[in-house]
Amino acid sequence: MQSRPQVVIVGGGVSGLATAHYIHSHLGPDVKLTVVEGGPRLGGKVANQQFSGHLVDTGPDAVLVRAPAMAALLEDLGLGDQIVAPAGLGAHVWSRGKLRRLPTGTLFGVPDRLIPLMKSGLMSPAGLARAALDLVLPRRHTSSADPSIAELVTPRLGSQVFDRLVEPLLGGVHAGRAAELSAKSTVPDIVALARKNRSLYLGLRKMRRHAPPSTGAPVLVTLNGGLGRLVEALVARLGGDDLWLGNAAQAIKRVGDQYRVELADGQSIAADAVVLATPAYATAELLADLAPDASTVMAEIPYVDVATIWLSYPRSAMGRPLDGTGFLVPPEEGKLMVGCTWSSAKWPHLADDNLVLIRCMVGRRGDRRWVDMDDDTMVRRLHEELVEAMGLTAGPDQQSIQRWPLAMPQYLVGHQDRLDALDAAIHHLPGLYLTGASYRGIGLASCVADAKRTAQNVAHDVSQPPADVRPLTEVTS
């Protein structure tokens, strides 16, 4: 290996940019780094736009700072003083024709307090009685090594807790259906509770009692000016690195002890190590010849289309107080909307005396009604639903729609088995690394944590002298 190793990162989203940042943190100028992005801009689904006089996020609008890697990265990039905490107003669930307060003290919809659950009105008396049976039911052992979330929750707490709490909360995060999602890969905390405790409710209460005292710090935050500030800061740290925009990687080849990244314009880049920070379906195409078994596994990871719709209303059109950050919509309601954020109430930097900015999300697995709608039809349908939920008395003054095709990877039952098969399929390819939302965490914080682990592995491996036998390459994701 040359004295100054060449590392190519394919994919210029947050995963790729954070990996580049961490590799530099380890190796400094002792590495030649190239970032290849097929699109015209960096940042992936983190994007901002001007809307009704405010800079808003058209992709994710918050990051989880409870995750140590994410919090440390913001400080490292000098963004600590730009953090904006959300208003502590709570949220609602749209259930049976009414917005109902989301009970406090839930973990992905699993309650640890019965009184707030009763007061919310989300459950019928029969549903509450069924949920309370969790206190007395015998321990249940699932026969599956990787149960779905529904298999884990419904036998303990009943269908109403699942349909009206768990499903909308996880649907909002994953754009998936909790009856299909792997509990082990999406809610490992709930899996641990189920295995260690006879009752989910009592197990959660015990976990809360033994948890460190709350600091009162917010769990989710954004940045003043939007999350595009994170992308800008990461790009600024690239410094003199090679950056290829608008020239997509087409294939990865192995030439002796090195790789060759072939680009759309016919050029190629030699590399000692390659990090693929691309969606699973794109990575599958890149590895079709080099690692066909790995390509097959990655092609099995399904994705869901989603869209973010911004609507601006005159404040006088509000038919109810904005006494929360917004609401979630369970699939059983049959609505187009998956969730709605009252952004002017949630984020202090978006507060406006005259306007209310509302952010709607559509798209969940199995619901493609909206995909072929034109923008005006989609806005009309969403406005009708907002009138029903919030009593709006006027239409929106402005609208903006960002469609995100193939946006959300689905961690279906068996996801960990697919990752294990993927690891086995690339173990003979030292110097090849996979990272991103397709594998072990879809949120920005999970992507950053995985980028950090990936960079550590890259830095360690490219710093080693060549050997006849190379260690097994771990799939880091």
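In helix α1, the buried residues (buried meaning under 20% relative accessible area with a 1.4 Å probe, protein chains only) are V14, S15, G16, L17, A18, T19, A20, H21, Y22, I23 and L27. The helix is thus described as mostly covered, with eleven of its 14 residues buried. This is a predicted model, in which local features need pLDDT of at least 70 and side-chain atom pairs count only at pLDDT 80 or more, while totals for chains, interfaces and linings use all residues. Residues are numbered from 1 along each chain as its sequence is written, and side-chain values use heavy atoms, with hydrogens and water left out.

Helices (H or I, at least four residues) and strands (E, at least two) are DSSP runs, numbered from the N terminus. Helix α1 covers residues 14–27 and reaches 20 Å from its first C-alpha to its last, close to the 20 Å expected at 1.5 Å a residue, where the expected span is 1.5 Å times one less than the number of residues. Just after α1, G28 takes a positive phi of about 55°.

What covers the buried residues of α1, by contact (heavy atoms within 4.5 Å), includes the elements β1 and β16, and also those in this table.

| Element | Residues |
|---|---|
| β2 | 32–37 |
| α2 | 68–76 |
| α10 | 228–236 |
| α16 | 444–462 |

Strands β1, β2 and β16 belong to an open sheet of five strands, ordered β12-β2-β1-β16-β22 with parallel pairing, where two strands pair if DSSP finds at least two bridges between them. Its edge strands, β12 (242–245) and β22 (432–434), each pair on one side only. Four bridges join β1 (residues 6–10) to β16 (residues 273–276), and I9 stands opposite V275 in β16.

Notes: Buried means under 20% relative accessible area, exposed over 50%, partly exposed in between (1.4 Å probe, protein chains only).
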